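Welcome, and thank you for taking a look at this protein with me. Let us walk through it one region at a time.

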Amino acid sequence: MNQPTRIADGVHRCGTDLVNWYVVEEGGRLTIVDCGAPGYWPQLDPSLEALGRGREDIDAVVLTHGDSDHVGFAERLRSESGTPVWVPEGDAEMVRTGKNKKPEGSPLRYLIRYPFAYKLLFHLTRNGGLKIPAVTGASTYPDGQRLEVPGHPLAVHTPGHTRGHCVLQFERVLLAGDALCTLNPLTGRRGPQLMPKAFNVDTAQTLESIERLPDAPVIGVGHGDPWTEGTAAAVERVREVGPT
């Protein structure tokens with residue numbers, strides 16, 4: 001487990017070298033953005049303790065989308081601590097039922113060509129990330145809503161990776177979920193790029209959604225290191241790389 005890393009004032013990256021989740025602090029209260037894989041549950045308390053906080057300081061969990069490696073420990077935190085969980089409207093069904101999406105591509109060709117793909121497969125298998133852990137009491141948020149949670153992020157709908165995927169614009173940072181990544185979880189390639197086709201429901205739509213990304217100096221992603229050269233430069237790099 002990695003120790004929390006500050007990526008902007010009040011925003012901390014947690015997780016592993018393959019999957020990130022985030023803690024956002026405002027006025028001593030916390031928002032958890034995404035929850036890694038289900039097996040990341042043991043990371044929660046030590047990560048909060050490293051920040052001088054505890055579970056009692058968490059006001060909400062906000063998910064960028066409904067994939068298993070982002071829903072992670074959300075239901076366990078909700079059921080054990082009563083923490084509200086917020087999900088994008090378009091992904092509500094997959095989060096509440098645990099039904100996986102149907103991506104447009106197959107992971108098989110990545111497993112044949114890229115040894116790195118096995119690293120992710122083994123990691124998710126070991127951490128319960130092959131199936132979405134249903135969140136039975138999740139609430140929803142729409143495109144364009146400013147959420148009344150610590151950090152008060154603006155939700156921007158960026159479909160393509162999932163139908164309901166949203167990025168969250170905080171004052172100091174954009175938490176982009178899987179609208180883009182800086183570490184391709186199947187090929188191992190680094191730098192701003194789209195998620196691989198095997199993980200998208202509509203890759204062409206992900207390219208269109210990139211144009212909706214709000215401007216921010218720092219972008220935190222679900223997979224890879226934070227991008228610190230601004231949104232415009234990230235979008236340009238994604239266009240250059242194209243579908244992955």
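What volume does the second largest pocket have? The answer is about 240 Å³. Please keep in mind as we go that this is a predicted model.

Let us stay with that pocket for a moment. The residues that line the second largest pocket include Gly90, Asp91, Glu93, Met94 and Thr97. Also in this lining are Lys99, Asn100, Lys101 and Lys102, together with Arg163 and Val201. Sorted by class, the lining holds 6 charged residues, 3 polar ones and 2 nonpolar ones.

Now turn to the largest pocket, which holds about 500 Å³ of space. Helix H2 (68-71) and helix H6 are the elements that give two or more residues to its lining. H6 makes the largest contribution, with 4 residues. In total, 24 residues line the largest pocket, and those nearest its centre are Ser68, Leu124, Gly129, Leu130 and Phe199. The classes here are 15 nonpolar, 5 polar and 4 charged. As for how such spaces are found, rolling a probe the size of a water molecule over the atoms shows where empty space is left.

From H6 we can step along the chain to Asn127. This residue sits in the loop that connects helix H6 (116-126) with strand E7 (139-141). Is Asn127 buried or exposed? Its relative accessibility is 14%, and because buried means under 20%, Asn127 counts as buried. What lies around Asn127? A polar atom of the Asn127 side chain is 2.9 Å from the backbone oxygen of His123. If we set aside the neighbours within four places in sequence, Asn127 is in contact with Ala37, Pro38, Gly39 and Tyr40.

Next, let us visit the beginning of the chain and its strands. Strands of a sheet pair through backbone hydrogen bonds, either parallel or antiparallel. Strand E1 (residues 5-8) and strand E2 run antiparallel and are joined by 3 bridges. One of the pairings puts Arg6 opposite its bridge partner in E2, His12. E1 and E2 form a hairpin with 2 residues between them, and Gly10 in that turn has a positive phi of about 75°.

E2 has a partner in strand E3 (residues 20-26) too, and these two pair in the antiparallel sense over 5 bridges. His12 appears again here, with Val23 as its bridge partner in E3. The connection from E2 to E3 is a hairpin through 4 residues. How many residues of strand E2 (residues 11-15) are buried? The count is 5 of its 5 residues, so to speak a mostly covered strand. Val11, Arg13 and Gly15 point one way from E2, while His12 and Cys14 point the other way, and all are buried.

Our last stop is an open sheet of 4 strands, in the order E8-E9-E10-E13 and with mixed pairing. Why do strand E8 (154-157) and strand E13 (219-220) each have one side without a neighbour in the sheet? They stand at the edges and each has a single partner strand, so one side of each is left free of a neighbour. For E8, 4 bridges join it to strand E9 (residues 166-169), and the two run antiparallel. Among these pairings, Leu154 has Gln169 as its bridge partner in E9.

Terms used:
Residues numbered from 1 in each chain as written. Predicted model: local features only at pLDDT ≥ 70, side-chain atom pairs only at ≥ 80, totals over all residues. Heavy atoms only, no water. Buried < 20%, exposed > 50% of the residue type's maximum accessible area, 1.4 Å probe, protein only. Polar contact = N/O pair within 3.5 Å; in protein donor to acceptor, adjacent residues only side chain to side chain. Contact = heavy atoms within 4.5 Å. Pairing = 2+ DSSP bridges. 1 Å grid on protein atoms, 1.4 Å probe; cavity = no way out; pocket = protein on both sides within 12 Å on 5 of 7 lines; lining within 4 Å. Points joined across faces, edges and corners; volume = space filled by probe spheres on them. Nonpolar A, V, L, I, M, F, W, Y, C, P; charged D, E, K, R; others polar.
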